[in-house]
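Trainee: I would like a close look at one part of this protein, the pockets. Please describe what lines them, and then place them beside a few other features of the fold.

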Amino acid sequence: MYYHRQLEKTVMKAAGEYACITLYGARQTGKSTMVRTMFEDIEYVTLDNSRERTLAKQDPELFLESHGVPLIIDEIQKADALMEAIKIKIDEAKLSCVKTGESISLMYILTGSNTHEIRQKASETLAGRTAIIEVGSLSECEKRQIEGTAFVPDIEMLNSKKDKLASKNRFEVFEEIFKGGMPEYWIDNKDRTTFFESYITTYLEKDVSRLINVDKLDDFRRFMMITALRTGQQVDYTDIGRAVGIDSRTAKGWISILEASGIIMLLQPYANNLAKRIIKTPKLYYLDTGLCAYLCGWSDSKILEASPMAGAFFETYVVSEIVKSLRNDGKRVEYTLYYYRDRDQKEVDILYIKDQTIYPIEIKKGIGKDKADKNFSILDQYKMPVATGLIIDTGDSILPLNRDAYYCPVGMIGL
């Protein structure tokens, strides 16, 4: 069964405007399935095939000639030289179109799972020739198969969509958190241990082994477990390194590998020259809570919900859902989402920046929500408009806390 993705509109729009589309993201997020379903008449080739990969590396021009256009190429990061050959093919086609007065058609769809490497090479080599689109795991709207939009924390906008809200109690929310959003696991209801063990093994053997010594793979697996236990926290490279048995410099490099693979994101603090007391360390979030829960060793959603990590997992879930909603709408997360924390330990979980306005957001799973907006006033130091804030929780309706902040159910994200 295929679950339609919100990104399909963005992909189809790009297909009418560019000669090439580049899709990247973590493994098992459904990149190949989506493009093969959307473009079922286009030839598909994967560089996981050793013969195809060898030809693509040794003679990229012959590889492209042997397949023609349009063409879907999966695991593009496994043959770097193809990017340059694709650029030449596109430029030749553009020149021909200039002479005939025709518009260039879609020629190549590229997919891969090393996010940083692909985005960097596509941006450098295929600049102006390809649309670059990131694919995440299933959002809650995609699981419900309803149309979603980019999350904007505007009260009037959220109130206009509240009829679409499907109420879930706290235990149902944590079942969603525990399971995560990997399409193959979610749709096919595969055995949890088998799926995630296979996922981690494939990731280590195919992606990580290209970047670190093979004899360090067991250390890297333990490193993933240690970072999963720290989701929702500020990154402390020394602490993480000590727990794994590596130095802080290696820990920082390995964090970069997780980020480049699309497994985690680093949420940066919002800073300008007016905010001199802020702590500038990023916060780490796993982008699939199911993988994170598995790495932490949680065996049941009810146990997770009752654990000391419940708040961190709920925060991770909220952040990942906001990230998915923005990316599915083609927006750059790094220009929109930040957090605030200063040396006096005053913190705001998310600062959503839109049109030079700050939308403060607190994330609260349970008790103590009546004072959740207590640090919103600290944002006045930025000399920017501060909009009505949100306290995202496990409730079932949008209600005012006061004139400056509203409670907002987590299910409103992406509607």
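Mentor: What follows takes the largest pocket, then the second largest pocket, then a sheet and a pair of helices. The model is predicted, and the values below are computed from it.

The largest pocket holds about 740 Å³ of space. Its lining consists of 28 residues, and those nearest the centre are Tyr-24, Arg-119, Glu-134, Arg-332 and Glu-334. Several elements each supply at least two residues of this lining: helix H1 (7–15), helix H6 (115–125), strand S5 (130–134), helix H14 (248–260), strand S7 (264–267) and strand S9. Sorted by class, the lining of the largest pocket has 13 nonpolar, eight polar and seven charged residues.

The second largest pocket has a volume of about 630 Å³. Here 30 residues form the lining, with Gln-28, Thr-29, Gly-30, Thr-33 and Glu-184 nearest the centre. Two or more lining residues come from each of helix H2 (31–38), strand S2 (43–46), helix H10 (183–188) and helix H11 (192–206). Of these, H11 gives the most, with six residues. By class, the lining of the second largest pocket divides into nine nonpolar, ten polar and eleven charged residues.

Strand S9, which supplies residues to the lining of the largest pocket, also belongs to a sheet. Six strands form this open sheet, in the order S9-S10-S11-S12-S14-S13, with mixed pairing. Strand S9 (337–341) and strand S13 (399–402) are the edge strands, each pairing on one side only. On average, neighbouring strands of the sheet are turned by 35° against each other, direction ignored. At the S13 edge, three bridges join S13 to strand S14 (residues 405–409), and the two run antiparallel. Asn-402 has Ala-405 in S14 as its bridge partner.

The last feature is a helix pair. Helix H3 (residues 50–58) packs with helix H4 (residues 60–67) at an angle of about 125°, their axes 5 Å apart. That angle makes H3 oblique to H4. On the H3 side the contact involves Glu-52, Leu-55, Ala-56, Lys-57 and Gln-58, and these meet Pro-60, Leu-62, Phe-63, Ser-66 and His-67 in H4. By class, the contact of H3 with H4 has five nonpolar, three polar and two charged residues.

Conventions
Residues are numbered from 1 along each chain as its sequence is written. This is a predicted model: local features need pLDDT of at least 70, side-chain atom pairs count only at pLDDT 80 or more; totals for chains, interfaces and linings use all residues. Side-chain values use heavy atoms; hydrogens and water are left out. Axes are lines fitted to C-alpha atoms, for helices over the stretch in contact, and angles run from 0 to 180 degrees between N-to-C directions. Helices (H or I, at least four residues) and strands (E, at least two) are DSSP runs, numbered from the N terminus. Angles under 35 degrees count as roughly parallel, over 145 as roughly antiparallel, 65 to 115 as roughly perpendicular and the rest as oblique. Contact means heavy atoms within 4.5 Å. Ala, Val, Leu, Ile, Met, Phe, Trp, Tyr, Cys and Pro count as nonpolar, Asp, Glu, Lys and Arg as charged, and the others, Gly among them, as polar. Two strands pair if DSSP finds at least two bridges between them. On a 1 Å grid over the protein atoms alone, a cavity is a set of points where a 1.4 Å probe fits but cannot get out, and a pocket is an open set with protein on both sides within 12 Å along at least five of seven lines; lining residues have an atom within 4 Å of a point. Grid points are joined across faces, edges and corners, and a volume is the space filled by probe spheres set on the points.
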